[in-house]
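Student: I'd like to learn how to read the contact between two chains, and then what lies inside. Can we walk through an example together?

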Amino acid sequence: MKNVSLDYPVLGHNPKFSKRVLSLASAGRISSGTKKQYVRSIDKLNLHLKPGDKLAVIGGNGAGKTSLLKLIAGIYDQSSGEKSVVGRVTTILGTGFGLDEEATGYQNIFLGGIALGYSYKEMEACFKDIEEFTDLGDFLNLPLRVFSAGMKARLAFAIATCKHPDILIIDEGVGTGDKAFLERAEMRLTEFLSKANILLMASHSNDLLRKFCNKCLLMNNGKAVYFGDLEKGIELYEEQAK
Amino acid sequence: MLKALHRYNLEFFKDAISVIKKHDAWLYIAWVDIKLRYKRTALGPFWMVVVSFISIFCIAGLGSLLFSIKLAEYFPYVACGMVTWSLISALITESCMLYINQQWLIKNIKTSLLNFCFRLFVKNLIIFAHALVVVFCVLFCLGIDFKVTLLLLPLTVIIYMVNAVSIAVCLGFFATRFRDVPQVVQALINILAFMTPIMWKPRMLKEYAYLADLNPLTHYVAIFREPLLGVYPSSLTWSCVIVFTLINLFLTILVYGKYKKQLVFWL
């Protein structure tokens, strides 16, 4: 990433249509400021990650963490600057992506996988793996609406990680789940990370970050404040918060 | 201008080809869409058959009295026209809310926007196929033989697919940016149902019959209805459809290339 900025256009906040007509009618004397409004969520950021980097993205609310992750995931496109991402990216930005409450667990494995960009055949291949990992048994034959929140999170996590992407992006932890599941999720993440891929994780939990990350990016107001050692970054962030 | 068009061109076709390659994915989702929609109903997708049969029957009966045409002649015409129209109107109205309904996905996962377009088309084509069962029953009962013109239908389906994807892109993007569009389209589609020859025939307009030809939807309906009825669509119809398809495709390439990266901010 070189000098990347992201401007969000703010729609639906423009002056009312009637006001604009008035402004035209009065030949601009009644100015209504019809210019589009923008929010700059990322400001001239430079970032270079190589395989094996496990980056913790930290910062206060509205620092631009999620925007940065979405930018790398390719959901947003930068307003200026250059970006190049090599490899397959998978995002866990929230639980329940593309899953349908009415569909059964099995159908949802395909729905979720397809939403992530895999083909039907690819999902068929890792079907067994998901079945085993989630340990949901016969529940997979039932519609998703009877699942508990933890079970849904388990299924979503299993689908998102079934394909070993080159770059994994996680926003705000792994979500809810009982102890046994969290342990298994951690094991899966550790296994994934041992394959020298790139991880980007935004979280407010220092324990989680310490467990998985080896680098840190501290953000404030869309700018990179610090990039480097994890412990130093957390220290700086805590100082900043005071 | 030409350079930009060339770039957009590549972008659209590159994305389209990669989506078509993964056809098993959207075919599966479209199928699940339909299954879920009729979940826990006794008749399942055959509700569509029942509903379309009743409405066709009522309208054909009423029309044959109104216009004093023999029911046997009028019934197949209305049946074929109405199932085609329901496909067209569903494609147009659903295009408006296509991206708005999927905003969670678009905002959180990198997906190809064209995926939704193909899925919309396939879903509605499956619904159409169910309704077509009624049409074939009607034609069979009336003793109308199946003609060789039915062989034109695959071509018609391909033309519909190109147009459906184009409309889903153009109208979908437009409606996402300007939220008034779905309301306008909803109102227009009801008017168009009367302005398009489905319940009436262009020759009933006598010297004003050419007015029906000015409506592009007349021709789009005709390329589905005429082969079903065993008639070859006229050359005017073919040329109109081809010209409109090309215009559609051209607009789509421009809109898609220019705005596909901005759509996420409009949601």
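Student: How many residues of chain A are in contact with chain B?

Tutor: People often give the size of an interface as the accessible area lost when the parts come together. Here, let's count residues instead. In this predicted model, 27 residues of chain A are in contact with 18 residues of chain B.

Student: Which helices and strands of chain A supply at least two residues each to that side?

Tutor: Two strands and two helices do: strand 1 (2-10), strand 5 (89-92), helix 3 (105-115) and helix 4 (120-125). Helix 3 gives the most, with 5 residues.

Student: And how do the residues on the side of chain A that touches chain B divide by type?

Tutor: You get 16 nonpolar, 7 polar and 4 charged.

Student: Now the inside. Which residues of the largest nonpolar core touch the most other members?

Tutor: That core has 125 residues, and the ones to look for are V57(A), I169(A), M201(A) and A79(B). Helix 7 of chain B (residues 113-141) brings the largest share, 15 residues.

Student: Let me zoom in on one. What is M201(A) in contact with, leaving aside neighbours within four places in sequence?

Tutor: M201(A) is in contact with A56(A), V57(A), I170(A), L209(A), F212(A) and C213(A). You've met V57(A) already, as another of the core residues that touch the most other members.

Student: What about chain A as a whole?

Tutor: Chain A has 9 helices and 9 strands, and 37% of its 242 residues are buried. Take the contacts in chain A between residues at least 6 apart in sequence: 70% of them join residues at least 24 apart.

Technical notes:
Residues numbered from 1 in each chain as written. Chains lettered and ligands numbered in written order. Predicted model: local features only at pLDDT ≥ 70, side-chain atom pairs only at ≥ 80, totals over all residues. Contact = placed C-beta atoms within 7 Å. Helix = DSSP H or I, 4+ residues; strand = E, 2+ residues; numbered from the N terminus. Nonpolar A, V, L, I, M, F, W, Y, C, P; charged D, E, K, R; others polar. Core = buried A, V, L, I, M, F, W, Y, C linked by C-beta atoms within 7 Å. Buried ≥ 20, exposed ≤ 12 C-beta atoms within 10 Å, placed from the backbone.
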